[in-house]
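Me: Could you take a close look at one part of this structure for me? I would like a connected account of a strand and its surroundings.

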Amino acid sequence: MSTLQTTANALATIKQAYLDAWKNQFIMSVSPFYSAIRKEITPSISFKTVAKVGQVGGFGAASEGGAMPAAGPQRYMNFSGSVKNLFVPIRITDKAIEASKKSSGSYFANLLGAEIEGAFETAKINFSRMVVAGNGTGRLATTNDNDDSTTIEVDKHRFLDAGMTIDVLNASGVLIGTRRIVGISRNDDGTGTIVVDSKIDTGADTSFITIQGSLNNEITGLEAIFDDNVTSYMGNVKASTPAIVPTVVDAEKNVTNSLIREMIAQSDDYHNGRTNMILCGSKAFRAYTDFLDDMKLTVQTDTLQGGFAAVKFLYEDRIVKIVREKFVTPDEMIGVNTEDFVELYLSDWDYMNQEDSTKLSHVAGTDYYETVIRKYTEIVCKRPGACWKLTNC
């Protein structure tokens, strides 16, 4: 067998093996919330799904021999949208490919495997952020006005990290420039400073940052339900559709079992909810576990799918799982029924060059070859008004 054929076979094997692992690990390890929601295939780019609203109108009491109650149909609410495009490019230089010809493909296979593993970790972090903290716009932080500089001060560092390629846009969404983050410093108050690979003038305090090309293209995450700046949800205007507006309460830094039960009760009684999971930011989770310690209450835990740990919370007829979610705002708790959420995907993670898995595509004008892992997907909540949030926990 020729060296080139050996290299091609090694490439095909490693690509498929890592893709299979990618798919399995993504379902299990992104976040406790994502691991718990349903995943369904949608047959087209656009989708429409429905949810029941209120009761059937035909019930009534009548006198003996009196008129029967009039029938009333079940009301439904439509949720519509289209799947979002997620891409993860993986690149290998021509030098690495040339070296692989002299080592029976093993060097190339190991290098490609390392690249795919790194891409998986990056994709997992950003996918989790989109699902839990995303509102569909892709906005990660607002910049301070700075002169032409490689240093940018931001109002929020949580979603930024070294290595990311970002777009800086003005308040109207017009691109100022694309840069790569080469350094970051984080302040205790949540603000931070990033260093980018070349100078840029952010223009004004109203400029903001997204991941490259992501403005208004990201998955519609949980935050879209709560964010007042997002005026509609899946085709329904919040101002004219009160059924989709969630409950938000200031906990006043006093998270107790009684308060949590009250939030669940409001969701159950008035929004047809059935909370089964509470997602906590880091400070909120500590505040709640500190409350349990102070009250000397027994803590019962559970291990969820994917290995995530949860605190069991007893509410009437069910156990609610309280978990820490990395991308929930640190001092907030979000109550959801995971059965109300569904991921609708046109295709699962796969290579774009499916017709020949032994090939990488040469990128014109460069010395590297590329393969792209992609997924077309969106997440829908069929009962957003049943969600609730505690702030200032």
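Reply: Happy to help; here is a walk around strand β17, followed by a look at another sheet and a charged patch. Please keep in mind that this is a predicted model.

Strand β17 covers residues 318–324, and 5 of its 7 residues are buried, so the strand is mostly covered. Two pairings involve β17. With strand β14 (residues 277–280), β17 runs parallel, joined by 4 bridges; here Cys 280 faces Arg 324 of β17. With strand β16 (residues 309–315), β17 runs antiparallel, and 5 bridges join the two. In this pairing, Leu 314 has Ile 319 of β17 as its bridge partner. The β16 and β17 hairpin leaves 2 residues between the strands, and in that hairpin Glu 316 adopts a positive phi near 45 degrees.

Now to the other sheet. This open sheet has 6 strands in the order β5-β10-β7-β8-β9-β6, with antiparallel pairing. At its edges are β5 and β6, each of which pairs on one side only. Within the sheet, β7 (residues 165–169) and β10 (residues 208–211) pair antiparallel over 4 bridges, and Val 168 sits opposite Ile 209 of β10.

The loop between β5 (141–142) and β6 (149–154) holds Asp 145. Asp 145 counts as partly exposed because its relative accessibility is 46%, which falls between the 20% limit for buried and the 50% limit for exposed. On the surface, Asp 145 gathers with Asp 147, Asp 148, Asp 201 and Asp 205 in a patch of negative charge.

Technical notes. Residues numbered from 1 in each chain as written. Predicted model: local features only at pLDDT ≥ 70, side-chain atom pairs only at ≥ 80, totals over all residues. Heavy atoms only, no water. Patch = residues over 30% accessible without salt bridge, like charges linked within 9 Å, V, L, I, M, F, W, Y side chains within 5 Å. Areas by Shrake-Rupley, 256 points an atom, 1.4 Å probe, with all protein chains shown as cover. Salt bridge = Lys/Arg side-chain N within 4 Å of Asp/Glu carboxyl O. Lys, Arg positive; Asp, Glu negative; His and termini not counted. Charge placed at Lys NZ, Arg CZ, Asp CG, Glu CD. Buried < 20%, exposed > 50% of the residue type's maximum accessible area, 1.4 Å probe, protein only. Pairing = 2+ DSSP bridges.
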